[in-house]
Amino acid sequence: MSSEANAKSMSLIVTKGTLDWAYPPFILATTAAAMGLEVTMFFTFYGLTLLKKKLDLKISTLGNPAMQMPMMGMHMALPNLVSAVPGVDGIATAMMKNLIKKKGVASIEDLRAMAIEADVKMIACQMTMDLFEYTMDDMIEGPALGGAASYIEVATKSDINLYI
Amino acid sequence: MADQLLDAKGLNCPLPILRAKKALKELPTGGTLEIQATDPGAVKDFEAFCRTTGNELLESRVDGKTYIFVIRHTG
């Protein structure tokens, strides 16, 4: 993408690995790449799971009072007490996946593949890999390993730096 | 008539933009691409996309529930 007229750049720190939070970084990364920016994503802590070969992303309504799902023409939020009941997160995840499909929203798998296709650079946080006992065999092909200094170097040269 | 037609109906953000970018890449410079979308957000987004990438937005109109954009590949 660096050959394009627009040589601006963006970096993103991806720290969250739930289905809902996986969207902002991948949407912004793919769109920025499509608009000619050089994009680097740094995956750390729970965001690291978004690089796993097989994604099994879930959402939780627990501690997420702003999450209101459309239901029978209304919007429903779940009280934390209900969210804590076993199985509720599974139901919420199924509902969310259903909505994603129905509304023509891309899957995270697709967005991730498009990011790779668009030459978005990906860095997997080495420390998090060690902490959660992952190896590069668990991850898709493409990401490089790196640490905080690798990210900072990218960030100092980027026009946009986002923490998600 | 545009050189190529992209049906992005039923797709939500950012897919119309991503698909358009892919189609533009395959067009020769000066070629035109017509995009049909149903995402109302695409109106502002294609304007921003073209301003940033230097591609030329020749047309942006609504036909019923379909948003139609024509872009010339110049970026």
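Where in chain A does A:Asp119 lie? A:Asp119 sits in the loop between helix 4 and strand 5 (121-125) of chain A. That residue gets its own panel below, in a set of close-ups drawn from a predicted model.

**View 1. Chain A as a whole, to get your bearings.** Chain A contains 6 helices and 7 strands. If you follow the sequence from its start, the elements run β-α-β-β-β-α-α-α-β-α-β-α-β. The C-alpha trace spans about 50 × 35 × 25 Å along its principal axes. Of the 164 residues in chain A, 33% are buried. Among the contacts in chain A with a separation of 6 or more, 76% link residues that are 24 or more positions apart.

**View 2. Helix 1 of chain A beside helix 4 of chain A.** Pick out helix 1 (residues 19-34) and helix 4 (residues 108-117) of chain A, and you will find that their axes come within 9 Å and cross at roughly 30 degrees. Angles under 35 degrees count as roughly parallel, so that is the term for these two helices of chain A. The crossing of this pair is left-handed. From helix 1 of chain A, the contact draws on A:Leu19, A:Ala22, A:Phe26, A:Ile27, A:Ala29, A:Thr30 and A:Ala33. Helix 4 of chain A answers with A:Ile108, A:Leu111, A:Arg112, A:Met114 and A:Ala115. Sorted by class, the residues of this contact are 10 nonpolar, 1 polar and 1 charged.

**View 3. The buried face of helix 4 of chain A.** Four names to look for here are A:Leu111, A:Arg112, A:Met114 and A:Ala115, which are buried in helix 4 of chain A. Looking down the axis of helix 4 of chain A, the buried residues fall within an arc of 160 degrees, so they line one face of the helix. As general background, an α-helix has 3.6 residues a turn, so residues three or four places apart point the same way. The partners of the buried residues of helix 4 of chain A are helix 1 of chain A together with helix 1 of chain B.

**View 4. A:Asp119, just past the end of helix 4 of chain A.** Here we return to the residue from the opening question. A:Asp119 comes just after helix 4 of chain A and takes a positive phi of about 65 degrees. This is a positive value in a residue other than glycine. A residue is exposed if 12 or fewer other C-beta atoms lie within 10 Å of its own, and A:Asp119, with 12 C-beta neighbours inside 10 Å, therefore counts as exposed.

**View 5. A:Met72, in a loop between two strands.** A:Met72 is found between strand 3 (69-71) and strand 4 (74-76) of chain A. Its phi is near 50 degrees, again a positive value in a residue other than glycine. A:Met72 is exposed, with 6 other C-beta atoms within 10 Å.

**View 6. Where chain B meets chain A.** In this view, 13 residues of chain B are in contact with 13 residues of chain A. On the chain B side, helix 1 (15-26) and helix 2 (42-53) each supply at least two residues. The largest share of that side, 4 residues, comes from helix 1 of chain B. By class, the side of chain B that touches chain A has 6 nonpolar, 6 polar and 1 charged residues.

**View 7. Helix 1 of chain A against helix 1 of chain B.** Zooming in on this pair, the axes come within 9 Å and cross at roughly 30 degrees. The two helices are therefore roughly parallel to each other, and their crossing is left-handed. Helix 1 of chain A contributes A:Thr30, A:Thr31 and A:Ala34, while helix 1 of chain B contributes B:Ile17, B:Leu18 and B:Lys21. These residues divide into 3 nonpolar, 2 polar and 1 charged.

**View 8. A cis peptide bond in chain B.** Look for the bond joining B:Cys13 and B:Pro14, which is cis, with omega at about 5 degrees. B:Pro14 belongs to the loop between strand 1 (4-8) and helix 1 of chain B.

**View 9. B:Glu34 and its surroundings.** B:Glu34 is part of strand 2 (residues 32-37) of chain B. B:Glu34 is partly exposed, with 19 other C-beta atoms within 10 Å. Setting aside neighbours within four places in sequence, B:Glu34 is in contact with B:Ala2, B:Leu5, B:Leu6, B:Ile68 and B:Val70. The C-alpha atom of B:Glu34 is separated by 17 Å from that of B:Asn12, 22 residues apart along the chain.

Definitions and conventions. Residues numbered from 1 in each chain as written. Chains lettered and ligands numbered in written order. Predicted model: local features only at pLDDT ≥ 70, side-chain atom pairs only at ≥ 80, totals over all residues. Contact = placed C-beta atoms within 7 Å. Nonpolar A, V, L, I, M, F, W, Y, C, P; charged D, E, K, R; others polar. Axes fitted to C-alpha atoms, helices over the stretch in contact; angles between N-to-C directions. Parallel < 35°, antiparallel > 145°, perpendicular 65-115°, else oblique. Left-handed = near helix turned anticlockwise from the far one by under 90°. Buried ≥ 20, exposed ≤ 12 C-beta atoms within 10 Å, placed from the backbone. Arc of directions from axis to C-beta.
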